[in-house]
Amino acid sequence: MGRDLVERHPAGGGPARPVLKWAGGKRQLLPQLRRFYPACFRTYFEPFVGSGAVFFDLHNRGHLAGRQAVLADRNPDLVGCLTAVRDHPEPVIEHLGRLAAERAADPRAHYYAVRDERFNPLRERLARQAGGLSPERYTPELAAMLIYLNRTGYNGLFRLNGKGSFNVPFGRYANPTICDARNLRRVARALSGCQAGLLHRDFERVLDEAQAGDFVYLDPPYAPLSRTATFTTYTAGGFGEHHQERLQQVVVELARRGCLVLLSNSTAPIISRLYDGNAEAARAGLRACRVPARRAINSDAASRGPVEEYLITNIPESSEGQQASRALSA
């Protein structure tokens, strides 16, 4: 096994794993992404952080030692939850442990009671007080409830109804892991150790700060492969074609600036048009690689099969990455 396939845990005690399950999470794509991790870089930026799978992978492998990270997302619940875990891990663990114990008698009834009688009312009250939900006001109790709902709700989805209330139904899990105290502490150490900034911002504002030599990984909501495959409403307003076009302009500018850029997306026609053979992207040094992946979101479990995705980058593939790629295709 090549060195690039071996996990390293600089903080000790095992790897830090994502706290939340998130639509489009990148754990299954990590072997392909690792092919393009740069050997040297300055600050790490991830403006669509989601579950943070790539951030935690970089941390576990020692690539963030001595470096800063800037993690951002437009979803205030996500940013608020990660901030609470980073800054107040023990109260989050205490609340989660209590929720796990309470659900034993009737998991389904408990889920809906937490969702409708505790989480949504507290979330809405905090939003009213601040004129909108602010990650800085996300309490350890609210973060624990979000983790609980995420771990026990249908497919680990995050979805809001027209009134802005969380409305994901109960999920059928035999024995879900709700309170993993050791991992929550590892996550808190990972986020604190590299002085990770957690920002509630649009991707364009975050990337205004990126400079030559910085590593930027972008994992936007994927362009749908078909009209019926759309799943882009992680935040109010969704992420449509004009967002993909705006993102392409940002990616091209970052590459021209000398940033080390890695973008993942679907092989939808609009993504092919924006990156694969696109003259502007090519002049900026970007190339589009098709890699095998697995569809993670589909109402039909049998349809969650192999697909191809794009990795778009200006980073040379490492020799270890080439070895890993050959091992994956063998």
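Trainee: Which residues of helix H6 are buried?

Mentor: In this predicted model, the buried residues of H6 are Pro140, Leu142, Ala143, Ala144, Met145, Leu146, Ile147, Tyr148, Leu149, Asn150 and Thr152.

Trainee: What makes H6 a mostly covered helix?

Mentor: Eleven of the 13 residues of H6 are buried, and a residue is called buried when its relative accessible area is under 20%. The cover over these residues includes helix H3 (76-87), helix H4 (89-102), helix H5 (107-130) and H7.

Trainee: How do you know what length is expected of H6?

Mentor: The expected span is 1.5 Å times one less than the number of residues. H6 runs over residues 140-152, which gives 13 residues, and 18 Å is expected. From first C-alpha to last, H6 reaches 18 Å, close to that expected value.

Trainee: How does H3 stand against its expected length, and how many of its residues are buried?

Mentor: With twelve residues, H3 reaches 16 Å from its first C-alpha to its last, close to the 16 Å expected. Ten of the twelve residues of H3 are buried, and the helix is mostly covered. Among the buried ones are Pro76, Asp77, Gly80, Cys81, Leu82 and Val85. Strand E2 (69-73), H4, H5, H6, H7 and E3 are included in what covers them.

Trainee: Why is H2 called roughly perpendicular to H7?

Mentor: Helix H2 (residues 53-60) and helix H7 (residues 181-193) pack at an angle of about 80 degrees, and their axes lie 11 Å apart. Angles of 65 to 115 degrees count as roughly perpendicular, so H2 is roughly perpendicular to H7.

Trainee: Which residues meet where H2 and H7 pack, and of what class are they?

Mentor: From H2 come Phe55, Phe56 and His59, which meet Val187, Ala190 and Leu191 of H7. By class, this contact has five nonpolar residues, one polar residue and no charged ones.

Trainee: Why is Asn155 called partly exposed, whereas Gln195 is called exposed?

Mentor: Partly exposed residues lie between the limits of 20% and 50%. Asn155 has a relative accessibility of 37%, and therefore counts as partly exposed. Gln195 has a relative accessible area of 54%, which is over 50%, so Gln195 is exposed. Asn155 lies in the loop between H6 and H7, and Gln195 lies in the loop between H7 and strand E3 (197-200).

Trainee: What is the phi of Asn155, and what is the phi of Gln195?

Mentor: Phi of Asn155 is near 55 degrees, a positive value, and the residue is not a glycine. Gln195 likewise has a positive phi, of about 55 degrees, although it is not a glycine. Most residues other than glycine have a negative phi.

Trainee: How do you know whether Asp180 is buried or partly exposed?

Mentor: Asp180 has a relative accessibility of 22%, and buried requires a value under 20%, so Asp180 counts as partly exposed. Asp180 is placed in the loop between H6 and H7. Asp180 and Val19 are 161 residues apart in sequence and 8.9 Å apart in space, C-alpha to C-alpha.

Trainee: Why are Asn120 and Gly52 called buried?

Mentor: Asn120 has a relative accessibility of 5%, which is under 20%, so Asn120 counts as buried. For Gly52 the value is 2%, and the conclusion is therefore buried. Asn120 is found in helix H5, while Gly52 lies in the loop between strand E1 (44-46) and H2.

Trainee: What is Asn120 in contact with, and how far apart are Gly52 and Leu82?

Mentor: Leaving aside neighbours within four places in sequence, Asn120 is in contact with Arg115, Ser165 and Phe166. Asn120 and Phe166 are 46 residues apart in sequence, with 6.5 Å between their C-alpha atoms. Gly52 and Leu82 are 30 residues apart in sequence and 9.6 Å apart in space, C-alpha to C-alpha.

Trainee: How many disulfides does the structure hold, and what would make a pair of cysteines a disulfide?

Mentor: The structure holds zero disulfides. A pair would need its sulfur atoms within 2.5 Å. As for the cysteines themselves, Cys194 is buried at 5% relative accessible area, and Cys259 is buried at 1%.

Technical notes:
Residues are numbered from 1 along each chain as its sequence is written. This is a predicted model: local features need pLDDT of at least 70, side-chain atom pairs count only at pLDDT 80 or more; totals for chains, interfaces and linings use all residues. Side-chain values use heavy atoms; hydrogens and water are left out. Buried means under 20% relative accessible area, exposed over 50%, partly exposed in between (1.4 Å probe, protein chains only). Axes are lines fitted to C-alpha atoms, for helices over the stretch in contact, and angles run from 0 to 180 degrees between N-to-C directions. Helices (H or I, at least four residues) and strands (E, at least two) are DSSP runs, numbered from the N terminus. Angles under 35 degrees count as roughly parallel, over 145 as roughly antiparallel, 65 to 115 as roughly perpendicular and the rest as oblique. Contact means heavy atoms within 4.5 Å. Ala, Val, Leu, Ile, Met, Phe, Trp, Tyr, Cys and Pro count as nonpolar, Asp, Glu, Lys and Arg as charged, and the others, Gly among them, as polar.
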